[in-house]
Structure formats: structure tokens, C-alpha cells
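Open the model in your viewer and keep the sequence panel at hand. We will go from stop to stop, with something to select at each one.

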Amino acid sequence: MLGLVGKPSSGKSTFFAAVTMATVEINSRPFTTIEPNVGTAYVRVKEIGPEFGVKATPRTGYIAGPWRFVPVKIIDVAGLIPGAHEGRGLGNQFLNNLNQAEALIHVVDMSGSTDEEGNAVEPGSHDPEKDIAFLEDELDYWYKGVIERNRDRMERLKRSGMKDADVLVEILSSFRVDEGIAEETVERFGPIASWQDLLEVARFLRQKTKAIVTAANKVDTKEGKANYERLKDKYDMIPVSAVAELALKRAAKAGLIDYVPGESDFEVKGKLSAEQEAALNAIRENVLKPFGSTGVQQVIEHAVFGVLGYKAVYPAGSKLVDSKGRVLPDCFLLPKDATVYDFAMKIHSDIAKHLLYGIDVRTKMRLAKDHVLKHLDAVELVSAAKK
């Protein structure tokens, strides 16, 4: 799951609506989002049906152009302001909701038209670089607070005979601290009892478990574009206009245009009013032409494939059809080191339990259970499980 974060009024709710087409409250006032919104976004994966001479019928997601859009969960949490780790704003609620997220998309108002608490100010008067820095600081202090509150428990676990790395996994597993991260932390900072600079430890753990991609929102404004050009080489950021993406998707849904999310242009197919034509032309001239896209699709895909390193794998029997007659119905997103066995577990634990081997549908080669799969592999699973 991806977490959508940012200060109030940064365009976070608009971004969420654009990627999910869900109906959410969008408002310029701070803390529009109180309870977290959970929805489904999509990443583009090359559709392999044409390669095999078939037309796929997806069970989830959809096909548009040469792409299969594969679902991924995303959570939009309450706006963050400085001091959230101390409970300011909706801070504690915000931070606790982030435990579910593997990576964070930080929506930043690049136009500088909102201050650090989301209040409207003169465009260009607030430096968005401060927003980028304060999110990392809040997360670091959040991790530090969790470590501090659990020091006594850590010491008790150590006295019971547990190794330092095992203690970290026990205490911080909800933060996705696994055995490898825990061992790396102990190797770098020494035994837990010797830790002096807890903020440094917290920052290391946060960097390992909460990767951040910056959605440089509102680049369709003069101030937003200038700030993006100034900061783009310093941070992992992608230029975004969430409001443009939402407008294009709504126009496509209304049958006014043909638009494939992530593409660099659209085609008018319905009768437009003068106002609609002007709005769409403005998106083309101010967003699509200078930046190549609205950036919304690119942010989601960079988080999933670039940062998290996920890969898409197709389950494909020899006839490419499932028991219900659906052609290539599924495409699954798997961690970068996922094996044939992991793929089987994703489909059904009983298949994995009785798994014999996999078959690469393209080459017909047999794949061992521990064979590491590649992006866009199409694999048939051979299992002794009863059907």
C-alpha cells in the first residue's frame, strides 16, 4: 500500500481523487481530510495479450491502449503540520495511519501559496523546500519517540536472552523492520544499550522503511514551475498537476475526450462548450506540452516500480485461459526478489504448498520453486494440489 501525505491544502485530496476517481471532499481549508480515505490507484504494465495473439479479459483493473492498469491500494491520511509527532493538528492519528504504507507520496504545493500549516498566503511567498524537509523531520521524530517509549521493554527482552536484532524486529515490526534491517542497524550503531543519538538511529530506520517520493504539485503555475526547476535536482520529485489529471479523467468519463492516464495528450471526441475547450487547451499548453504528462500516473509508478522495485507477473496456463474462460485474467505485483514459490503463495496457499515447479510460457522452460521471477514474466504453475 502507498501512503499519500502532505500538509493541509497542498492538493493531496485532489491527487487522491485523480488517481482513484473516488468522490472525496476537496476544499482549500486545512484538514479537509479527517478520517483516512483508502482507495485503488493503478500502475501501467505492458499488456502481453497481443504478444500471444489473444485479447485479455482482466478480472481486476482494465486495459487502455497498450497498457494493462493493475490495481494498487493507496491511503490518503489527514494533513500534516509541524509538531505532528507531538500531537499537533491530527498528528498522532496521521502517523499511526502511515504504518500500513510501504512507500510515501508527499504532495507538495510547489506554488508556495500555502504556509507550513496549510493557510493561504501570497503565491511564491512560502518556500516548498521547507515542506519537504519538515515531513522527513516529523517522521524521524516519530520513530525516535517510539524507540524512546520502548527502551524499558527492549532492556527486558535483552535480559530474557534475545539478540539485539530480534529485539528490534519484536518492537518495530509494525514499521516493517525485518531481520535484515534490524541486523544492519545493530551493525551500524552497535548494541541497543549503547545508543546515544536516538534521532540518528530513527532517521536510519525511517529511510530504510518509509521511502518518500515527492509529487511536485501545482507546477502549472508560474511560481510552481520556477520552484520545481530550482529544486528538481536536489530531491526525488516528479512535476505534477493533480487538478489537470482530475479534469482530464472527468472529461474522459463524460465522453468528451479520449485520454489514457499517463499519456502526453488527449483527443477530443465530444462537443465542447467554449469554456470546456479553453480549459482543456490550457491543460495541454501549460501541463502536457512542457512536462509530457500531468505527472500523477508517473508518481504512482515511480513509487511502485522505481522505489519499491515491484515487478508485474502474469499467471498464464498453457492455453492462457482460466477455469471460467477468462483470458489472461490476472496480473500480480510482487516484491523484487519474489520467486516462483512466492508467486504461488500470492495466488493460493494450497497451490504453493503442493507446488512442483513453474513453466515460462514464452520459452517453455521449467522453473524451480526458488527461481527469481522477472518483470513481465508469464508463468504457468504446476502443482499437485487438488482442483
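## Two crossing helices

This is a predicted model. Start by selecting residues 128–149, helix α3, together with residues 198–209, helix α7: their axes come within 8 Å and cross at roughly 115°. That angle makes α3 roughly perpendicular to α7. The crossing of the two, α3 and α7, is right-handed.

Now show the side chains where they meet. From α3, pick Glu136, Leu139, Asp140, Tyr141, Tyr143, Lys144, Ile147 and Glu148; from α7, pick Leu198, Leu199, Val201, Ala202, Arg203, Leu205, Arg206 and Thr209. Colour them by class and this contact between α3 and α7 shows nine nonpolar, one polar and six charged residues.

## The five-stranded sheet

Next, move to an open sheet of five strands. Reading across, the order is β11-β10-β14-β12-β13, and the pairing is mixed. Which strands are at the edges? They are β11 (332–334) and β13 (366–367), each of which pairs on one side only.

Select β12, residues 355–360, alongside β13: these two strands are antiparallel and share two bridges. For a landmark, label isoleucine 359, which stands opposite arginine 366 in β13. Then add helix α12 (residues 340–347), which packs on this sheet and touches β10 (311–315), β11, β12, β13 and β14 (377–383). The direction of α12 makes about 135° with that of β11.

While you are here, click on lysine 364 in the loop between β12 and β13. Its phi is positive, about 65°, although lysine 364 is not a glycine. As background, most residues other than glycine have a negative phi. Is lysine 364 buried or exposed? With a relative accessible area of 58%, lysine 364 is exposed.

## A strand covered on both faces

Go to the start of the chain and select strand β1, residues 2–5. Both of its faces are covered: Leu2 and Leu4 on one side, and Gly3 and Val5 on the other, are all buried.

Show the partners of β1 as well. Strand β4 (residues 67–76) runs parallel to β1 and is joined to it by three bridges, with leucine 4 opposite aspartate 76 in β4. Strand β5 (residues 103–109) also pairs with β1 in the parallel sense, over four bridges, and here leucine 2 stands opposite alanine 103 in β5.

## An enclosed helix and a buried lysine

A little further along, select helix α1, residues 12–20. How many of its nine residues are buried? Nine of the nine are, so α1 is largely enclosed by the rest of the structure. If you want to label them, they are Lys12, Ser13, Thr14, Phe15, Phe16, Ala17, Ala18, Val19 and Thr20. Just after α1, methionine 21 takes a positive phi of about 55°.

From there, step across to lysine 249, which is in helix α9 (residues 242–253). Lysine 249 is buried, with a relative accessible area of 14%, under the 20% cut-off for that label. Leaving out residues up to four places away in sequence, lysine 249 touches Ala18, Val19, Met21, Tyr259 and Pro261. Two of these names, Ala18 and Val19, are also among the buried residues of α1.

## A buried threonine

Select strand β6, residues 211–217, and find threonine 214 in it. Threonine 214 is buried, with a relative accessible area of 3%. What does threonine 214 contact, leaving aside its neighbours within four places in sequence? Look for His106, Val108, Ile132, Asp236, Met237 and Ile238.

## Two loop residues to finish

Select arginine 176, in the loop between α5 (164–172) and α6 (179–189). Arginine 176 has a positive phi of about 70° although it is not a glycine. Arginine 176 is partly exposed, with a relative accessible area of 36%.

For the last stop, click on glycine 53, in the loop between β2 (37–46) and β3 (62–64). Glycine 53 is exposed, with a relative accessible area of 68%. Try your distance tool from glycine 53 to alanine 211: the two are 158 residues apart in sequence and 39 Å apart in space, C-alpha to C-alpha.

Notes: Residues numbered from 1 in each chain as written. Predicted model: local features only at pLDDT ≥ 70, side-chain atom pairs only at ≥ 80, totals over all residues. Heavy atoms only, no water. Axes fitted to C-alpha atoms, helices over the stretch in contact; angles between N-to-C directions. Parallel < 35°, antiparallel > 145°, perpendicular 65-115°, else oblique. Left-handed = near helix turned anticlockwise from the far one by under 90°. Contact = heavy atoms within 4.5 Å. Nonpolar A, V, L, I, M, F, W, Y, C, P; charged D, E, K, R; others polar. Pairing = 2+ DSSP bridges. Buried < 20%, exposed > 50% of the residue type's maximum accessible area, 1.4 Å probe, protein only.
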